[in-house]
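Thanks for coming. I will take a few minutes to walk through one protein, starting with its ligand and ending with its core.

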Amino acid sequence: MLPVGLWHELQKFRVSPPAPECRCVECKTLPELSLSKVVVVGDLYVGKTSLIHRFCKNVFDCNYKATIGVDFEIERFEIAGIPYSLQIWDTAGQEKFKCIASAYYRGAQAIITAFDLTDVQTLEHTRQWLEDALRENEPGSCFIFLVGTKKDLLSRAACEQAEVEAVHLAKEMQAEYWSVSAKTGENVKAFFSRVAALAFEQSVLQHLERRSGSQPQVGDGDLIHMEGSPSENQESKRPSGPGCC
Ligand SMILES: Nc1nc2c(ncn2[C@@H]2O[C@H](COP(=O)(O)OP(=O)(O)OP(=O)(O)O)[C@@H](O)[C@H]2O)c(=O)[nH]1
Ligand SMILES: [Mg+2]
């Protein structure tokens, strides 16, 4: 259970420019809070690299350059005054690189399975991608996202139609569904903010659990301060971002 004060911070957290090695007290005393690994998987050409580049570099390239093996970007944030980074692993969708890419699935806090909203086959393949990624991780240890890409290529009606099956599959996968466009940037920042918020929340809870040796209690510790009423508390625990089902 996350104190409401932290959720407020998560809602307004901002992307900070990359900082040199941080020497603040929180960073030194809470190193496990500082970085989360995110893995992006899915068929070739669905737009994994484009999505990551839109978020991390705010660029879009309409020319296709296949990812060879794996690549990664680091995006730095500041949440509740604590420097925090997402290490986003971009994997190749081409079959011949699968072996190399799968070696990097381990230790993921979030798995993003991407498919192309204009190509239903790529949605069907997400099951297999997810299965492969989960195999390398502890059961129940990863947040799962199903992301439909290239939203800009569909009309609103066509997008809604394509999403019916995707939302159904997301439920089956216990994933959160989002639709995005790397070209226009629609939902990209909101989506990764959601990934970061959930990953950070999990890191905080795990830290509290390890420190107390028991289930963390709301208001425990000196990092987070309670504010707001209990009803606000309930509501703010599960915010749903735009584009999220
Ligand atoms: N219109 C449109 N095109 C996109 C979008 N995202 C990606 N593309 C295009 O789709 C093609 C494939 O994009 P990539 O990001 O390279 O695909 P990938 O999933 O990384 O492919 P692999 O590295 O081979 O696995 C490129 O030509 C991109 O420009 C989008 O949101 N809208
Ligand atoms: Mg790529």
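A residue counts as near a molecule here if its C-beta atom, placed from the backbone, lies within 6 Å of that molecule. Keep in mind that this is a predicted model.

With that cut-off, 23 residues surround ligand 1, and the closest are Gly47, Thr49, Ser50, Thr67 and Gly93. By type, the shell around ligand 1 holds nine nonpolar residues, nine polar ones and five charged ones. Helix α3, residues 48–57, supplies the largest share of that shell, namely three residues.

Now the overall layout. The protein has nine helices and seven strands. Of its 245 residues, 34% are buried. If we take contacts between residues at least 6 apart in sequence, 76% of them join residues at least 24 apart.

Next, a pair of strands. β3, residues 70–79, and β4, residues 82–91, run antiparallel and are joined by ten bridges. One of the pairings puts Asp71 opposite Asp90 in β4. The hairpin has two residues between the strands, and Ala80 takes a positive phi near 50° there.

Staying with single residues, look at Ser34, in the loop between α2 (25–29) and β2 (35–41). Is Ser34 buried or exposed? Neither, quite: Ser34 is partly exposed, because 17 other C-beta atoms lie within 10 Å, and a residue needs 20 or more to be buried. Its C-alpha atom is 9.5 Å from that of Phe77, 43 residues apart along the chain.

Compare two leucines. Leu117 is in the loop between β5 (110–116) and α5 (120–124). Why does Leu117 count as buried? Because Leu117 has 26 C-beta neighbours inside 10 Å. Apart from residues up to four places away in sequence, Leu117 touches Gly148, Thr149, Lys150, Lys151, Leu154, Cys159, Ala162 and Ser179. Leu153 is 36 residues apart from Leu117 along the chain, and their C-alpha atoms are separated by 8.4 Å.

The second one, Leu123, sits in helix α5. Leu123 is also buried, because 23 other C-beta atoms lie within 10 Å. Setting aside neighbours within four places in sequence, Leu123 is in contact with Phe115, Glu165, Ala166 and Leu169. Leu123 and Gly42 are 81 residues apart in sequence, yet 8.7 Å apart in space, C-alpha to C-alpha.

That leaves the core. The largest nonpolar core has 47 residues, and Val38, Val39 and Ala110 touch the most other members. Elements giving two or more residues to this core are β2, α3, β4, β5, α6 (126–135), β6 (143–149), α7 (156–173) and α8. Which element gives the most? That is α8, with nine residues.

So what does α8 look like? This helix covers residues 188–212, 25 residues in total, and reaches 36 Å from its first C-alpha to its last, close to the 36 Å expected at 1.5 Å a residue. The buried residues of α8 are Val188, Phe191, Phe192, Arg194, Val195, Ala196, Ala197, Ala199, Phe200, Ser203 and Val204.

Two of those names come back in the contacts of Ala110. Beyond its neighbours within four places in sequence, Ala110 is in contact with Ser36, Val38, Cys142, Phe143, Phe145, Val195 and Ala199. I will stop there.

How values were computed: Residues are numbered from 1 along each chain as its sequence is written. Chains are lettered from A and ligands numbered from 1 in the order in which they are written. This is a predicted model: local features need pLDDT of at least 70, side-chain atom pairs count only at pLDDT 80 or more; totals for chains, interfaces and linings use all residues. Helices (H or I, at least four residues) and strands (E, at least two) are DSSP runs, numbered from the N terminus. The expected span of a helix is 1.5 Å times one less than its number of residues. A residue is buried if 20 or more other C-beta atoms lie within 10 Å of its own, exposed if 12 or fewer, and partly exposed in between; C-beta atoms are placed from the backbone. Two residues are in contact if their C-beta atoms, placed from the backbone, lie within 7 Å. Ala, Val, Leu, Ile, Met, Phe, Trp, Tyr, Cys and Pro count as nonpolar, Asp, Glu, Lys and Arg as charged, and the others, Gly among them, as polar. Two strands pair if DSSP finds at least two bridges between them. A nonpolar core is a set of buried Ala, Val, Leu, Ile, Met, Phe, Trp, Tyr and Cys residues joined through C-beta atoms within 7 Å.
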